[in-house]
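Hi,

Here is the structure I promised to pass on to you. Please have a look at it first, and then read on for what turned up in it.

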Amino acid sequence: MAGPCAVMPVPAVPAVLAVLAVLAVPSGGSCPARCVCASNILSCSQAALSTVPAPLPRFTAVLDLSHNNVSRLRADWAPGRLAHLHALLLAHNGLAFVSTEAFAHVPHLRHLDLSSNRLRALEENLFSDLPELEVLLLYNNEISAVDRAAFDNLGRLRKLYLGRNHIARFPLELLRDGSRPPRLSLLDLSANRLRALPAAELQALPAWLRDRLYLHGNPLACDCPLFQLVARGRRRRLSAVLDFQEELRCQLPAAPGRAPVAILALGSRELLNCSEAREAVLEAYLGDSVTLGCDSRLRDGHGRHWVTPGGDRVTEEGGNGSAAVLANGSLQLRALRPEDGGTYACRVSGPGFNETLYVELLVHNFTLHGPHDGLNTAYTTLVGCILSVVLVLIYLYLTPCRCCCRPADKPPAPPRDDSLNSSVLSATPNHAVGEPPPGPRAAGHRAAPGGQNGRYKGGGSPAMAAGVGAAREGPRAQRKVSDPDSVSSVFSDTPIVV
């Protein structure tokens with residue numbers, strides 16, 4: 001009889017697993033040969049299978065077919081609908097073909113592992129029958145072509161692993177708003193054949209998506225936008241940069257045969273002497289409304305609040321009238337005032353760490369610098385020049401004629417026979433024959449015979465003209481003649497007496 005401490009014989013492990021498999025299978029189903037069943041888990045790993053075993057229990061929730069020889073996954077691999085299946089593992093099978101209807105019988109699949117196979121292309125709508133899929137593993141294949149609609153209808157996809165493939169075109173549609181799976185938070189494109197990145201588009205992505213955008217191990221071409229993208233990730237302490245900093249390398253364009261250099265070393269003078277891009281500063285004007293974004297690495301932080309430059313706390317529950325926190329965590333400021341300028345802090349708390357982001361707001365006086373100014377400096381100068389030219393033209397060509405001060409025109413004088421006695425240059429009025437010249441000239445001066453100053457006068461003396469005219473012409477003798485004793489200046493109305 002054995003003692004109390006006697007050791008009972010232990011049966012072989014395969015026998016125990018077989019017994020457990022039989023006992024674990026619920027009624028109404030059977031465990032396929034060469035597979036191990038434990039409750040709703042069906043493990044057929046490393047069973048040298050070339051096809052999917054059949055029949056499969058309808059209650060199967062996890063199906064592990066990894067490390068086999070299943071090279072083709074046809075539409076009829078599952079004879080019936082597996083409504084409870086949420087995880088399918090097909091890694092390390094040499095899988096080279098997957099039918100576009102292969103997942104029609106597993107609509108509730110959430111985890112799909114197709115890694116380490118020989119897939120070469122992802123066709124259109126390949127995964128469209130999996131609206132609940134959350135994790136898709138496609139790394140370590142031979143994928144070189146990715147259709148732009150391959151991941152359509154994946155509204156719940158959170159993690160997509162495409163590393164260690166032959167992808168040469170960056171699938172930007174996976175990151176753009178509108179075409180990106182709405183819940184995607186991890187995209188692995190490491191160790192592919194990418195030579196260029198859309199740096200500007202990637203810089204505009206939210207931090208929570210850039211935090212898990214893995215790009216290390218690609219033969220990237222060195223340039224300053226690439227350096228600024230990686231340097232900004234290091235400054236923000238993004239996991240994709242900090243965890244793989246040594247593997248983020250690029251090839252210098254001027255030295256194709258040289259070994260790849262670290263991207264973060266491009267700021268040195270020996271390489272490209274790139275400078276880091278500074279975070280943008282938000283500028284606004286008096287009376288405007290602005291929204292300050294909280295670009296946190298935590299997509300769904302449990303606690304989020306803002307602190308104004310004055311030290312006031314603004315929470316998600318509300319605001320103080322001019323400031324309010326929106327549903328996405330951004331801070332909205334209305335009717336800006338000069339005192340609203342300054343540095344705002346967004347504080348986010350999560351399960352693993354806390355994060356504080358700073359946003360600087362500059363509020364300009366719109367009457368001096370803002371876009372509301374009616375006339376800026378350049379516009380004012382242009383208008384001033386145009387007005388000056390117009391005024392000069394008006395002065396030169398459109399000056400009104402000064403006729404208001406001129407006397408009314410007199411009727412023309414009758415024809416005169418003694419026009420030779422008139423001075424062309426004189427405006428002195430004539431006086432009648434026989435009248436003495438006015439003033440001292442008439443009393444004290446007598447004209448010399450034959451002309452003035454010894455010059456011959458063709459009209460004769462006034463006395464002779466008066467006598468002859470009285471005898472011959474009668475009334476015509478009253479005509480006026482020019483004063484022979486005065487000469488008028490061209491520039492003056494005052495007669496010059498000689």
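**Salt bridges**

R148, R169 and E173 are linked in a network of salt bridges. Please keep in mind that the model is a predicted one. Within that network, E173 bridges to R169, with the closest N and O atoms 3.0 Å apart. The two ends of this pair sit in unlike surroundings: E173 is buried, because its relative accessible area is 9%, while R169 counts as partly exposed at 35% relative accessibility.

A search of the whole structure finds 7 salt bridges. One of them brings together the side chains of D177 and R180, at 3.2 Å from N to O. Here the acid is the exposed partner, since D177 has a relative accessible area of 67%, whereas R180 is buried at 15%. Another joins the side chains of R337 and D340, with 3.3 Å from N to O. R337 is partly exposed, with a relative accessibility of 40%, and D340 counts as buried at 10%.

**A buried acid without a partner**

Which residue is buried yet has no salt bridge? That is D211, and the nearest side chain of opposite charge, R212, is 4.4 Å away. A salt bridge needs a side-chain nitrogen within 4 Å of a carboxyl oxygen, so the distance of 4.4 Å from D211 to R212 does not qualify. D211 lies in the loop between α3 (207-210) and β13 (213-214). Leaving aside residues up to four places away in sequence, D211 touches R237, L238, S239, A240 and R297. If you plan to assign charges, this may be a spot to look at on screen.

**The overall picture**

The protein has 498 residues, and 35% of them are buried. It contains 8 helices and 28 strands. Among contacts with a separation of 6 or more, 61% are between residues 24 or more positions apart. The exposed area comes to about 29,900 Å², and carbon and sulfur atoms supply 56% of it.

**Nonpolar cores**

The largest nonpolar core has 73 residues, and the members that touch the most others are W77, F103, L112, F127, L138, F151 and L160. Helices α3 and α4 (224-235) each supply at least two residues of this core, and the largest share, 5 residues, comes from α4. To take one member in detail, F151 touches L122, F127, L136, L138, V146, L160 and L174, not counting residues up to four places away in sequence. Another core lies apart from this one; it has 19 residues, among them C294, W306, V314 and V359.

**Strand β19 and its neighbours**

How many of the 5 residues of strand β19 are buried? The count is 4, so to speak a mostly covered strand, spanning residues 303-307. β19 runs antiparallel to β23 (residues 342-349), and 5 bridges join the two. β19 is also antiparallel to β20 (residues 313-315), this time through 3 bridges. W306 takes part in both pairings: its bridge partner in β23 is C346, and its partner in β20 is V314. W306 and V314 are both among the members of the 19-residue core. β19 and β20 form a hairpin with 5 residues between them, and G311 in the turn has a positive phi of about 90°.

Best wishes

Terms used
Residues numbered from 1 in each chain as written. Predicted model: local features only at pLDDT ≥ 70, side-chain atom pairs only at ≥ 80, totals over all residues. Heavy atoms only, no water. Buried < 20%, exposed > 50% of the residue type's maximum accessible area, 1.4 Å probe, protein only. Contact = heavy atoms within 4.5 Å. Areas by Shrake-Rupley, 256 points an atom, 1.4 Å probe, with all protein chains shown as cover. Lys, Arg positive; Asp, Glu negative; His and termini not counted. Core = buried A, V, L, I, M, F, W, Y, C linked by side-chain atoms within 4.5 Å. Pairing = 2+ DSSP bridges.
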